[in-house]
Each structure stands twice: as C-alpha cells, then as structure tokens.
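Welcome! Have the sequence and the 3D view open, and work through the exercises below at your own pace.

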Amino acid sequence: MARDVSDGFVEISRHSLALVGLVVVAVALTFMARPSLQLTVNEMVLGWLEMRQADSIEPPTNDAAYRSTATSVNGLPKNQLAITYWLSRRYRVSPEPIAALVTEAWAIGERSQIPPTLLLAIMAIESKFNPFTAGTQGAMGLMQIDPDARAQELSPFGGRLAVFDPVTNLRVGARHLQDLMLQSETIEEALRQYAVASGQIEDGVYVERVLNEQKMLDKML
C-alpha cells in the first residue's frame, strides 16, 4: 500500500511539474507575441513594489512638511491667548496659525532668553505674518531669513524650502537674532544688523517700528 501511495505521488508530481512547465512556456510565448502585454505586466509589478516601499517608509520627524503649523487656542495661557487674538485681528490671520507661532515664540524665549514679544514683533514688521513673503534681496518667510545664508540651519528641517515653514522660519530667525544680540552691545544695534541681513534699508525706522510693536504686545502681559 505504501509503495502504491509513493508511486502515485511521484506520478502526480511529474504531471504537476509538466503542467507548470507548459504554463511557463505558454506565458513566455504570449509575451513574445504581445510585447505590449509584457510592458503592462512589468508596470503593474513595479507599481506594486513602489507602493510596498512607500508604505514601509516613515515620514522624517524633522521634515517641515509633516509638522502642523496651527494650534488650537483652547488651553493657551491668558496672556498668550490675548496676544493671539490681538495679532489675528490686526493682521487678518486666523487665530490657529498665530497661536502656533505664539506658543513657539514662548518656547524659544524660555530657551534663549529672547523676549517672545520681540520675536513676534519682528515677524509682524518683516512679513505681517505671511509665511510666503519674499523680499527683493532674497530673504523669505515670516522673519525674512536668507535661505542661502542659512542653508546649514535649514538642512535639518528639510532643506531650502523649509524657509516657508512658519515654525522653521521662526526657529532659524530666532537663532540668527540671538547670534546678533551676543555680538552687539544693545538690542537696537542687533536689530539694525538684522534689518540689513533681511534686506531692509537701515535708516532707524525699522528699529523704531519693531520696538513699538513689541511695546504694544508687552502691554497685554
């Protein structure tokens, strides 16, 4: 009985392999006769492989394209909430994007000792909170930073185009301002240098406008 089963299995296997061979030959002949069909199948296979590869890739955590640039106003501290609504009305920007910038300005202020209202004042004067503002001298974004001069700082956030991401622009601009403050004896001098770097005409008006904007924001604290 065992031998009969074994002989039957061998026979079935032989016929199965033969059948597989016939199928392979038939498919090969079909592809040879219809090259367009082979191209279609190749495209389908490549598409499937690309989809599998894309599904396995996780978005980079530092890439600006994957970071939210809006924050709910719910839960904001009272002083930040007041500034958020004031800036929203003054510059006609929705509260949620302004809230994200206010929150980030406070976080940067705690780390760098730069008054958050000063950072917000610079953004107000430089771009009126339009993240896509571009100056005539090549400066871009909320704080009007030069993407070529700040390429190294922008690199961890996704490269040159990250200059248009509001949070990235704020972080890089704040770092630049901090460097200027460390090199200057007064905040006025640091702001004058910042104006020149952002393409502004340094005539004293810029510094006055920024400081006046900061004073108005400070009254809400």
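Three short exercises follow, each with a worked solution.

Before you start, note that this is a predicted model, in which local features need pLDDT of at least 70, side-chain atom pairs count only at pLDDT 80 or more, and totals for chains, interfaces and linings use all residues. Residues are numbered from 1 along each chain as its sequence is written, and side-chain values use heavy atoms, with hydrogens and water left out.

**Exercise 1. Check the span of helix α3 against its number of residues.**

Step 1: Helices are DSSP runs of H or I with at least four residues, numbered from the N terminus. Helix α3 covers residues 78–91, which is 14 residues.

Step 2: The expected span is 1.5 Å times one less than the number of residues. For α3 this gives 20 Å.

Step 3: The end C-alpha atoms of α3 are 20 Å apart, which agrees with the expected span.

Step 4: Look just past the helix, where Arg92 takes a positive phi of about 55 degrees.

**Exercise 2. Find which residues of α3 are buried and what covers them.**

Step 1: Buried means under 20% relative accessible area, exposed means over 50%, and partly exposed lies in between (1.4 Å probe, protein chains only). In α3 the buried residues are Gln80, Ile83, Thr84, Trp86, Leu87, Ser88 and Tyr91.

Step 2: The cover over these buried residues includes α4 (95–112), α5 (116–127) and α9 (205–218).

Step 3: Pick out Thr84, which counts as buried because its relative accessibility is 0%. Contact means heavy atoms within 4.5 Å. Leaving aside neighbours within four places in sequence, Thr84 touches Val73, Leu76, Pro95, Ile98, Ala99 and Val102.

**Exercise 3. Compare the settings of two salt bridges, Glu213 with Arg90 and Arg175 with Asp179.**

Step 1: A salt bridge has a side-chain nitrogen of Lys or Arg within 4 Å of a carboxyl oxygen of Asp or Glu. The whole structure holds six salt bridges.

Step 2: Between Glu213 and Arg90 the N to O distance is 3.4 Å. Glu213 lies in helix α9 and Arg90 in helix α3, so this pair ties together parts 123 residues apart in sequence. Glu213 is buried at 3%, while Arg90 is partly exposed at 42%.

Step 3: The closest N and O atoms of Arg175 and Asp179 are 3.9 Å apart. These two residues are four apart in helix α7, so about one helical turn separates them. Arg175 is partly exposed at 49%, and Asp179 is partly exposed at 28%.
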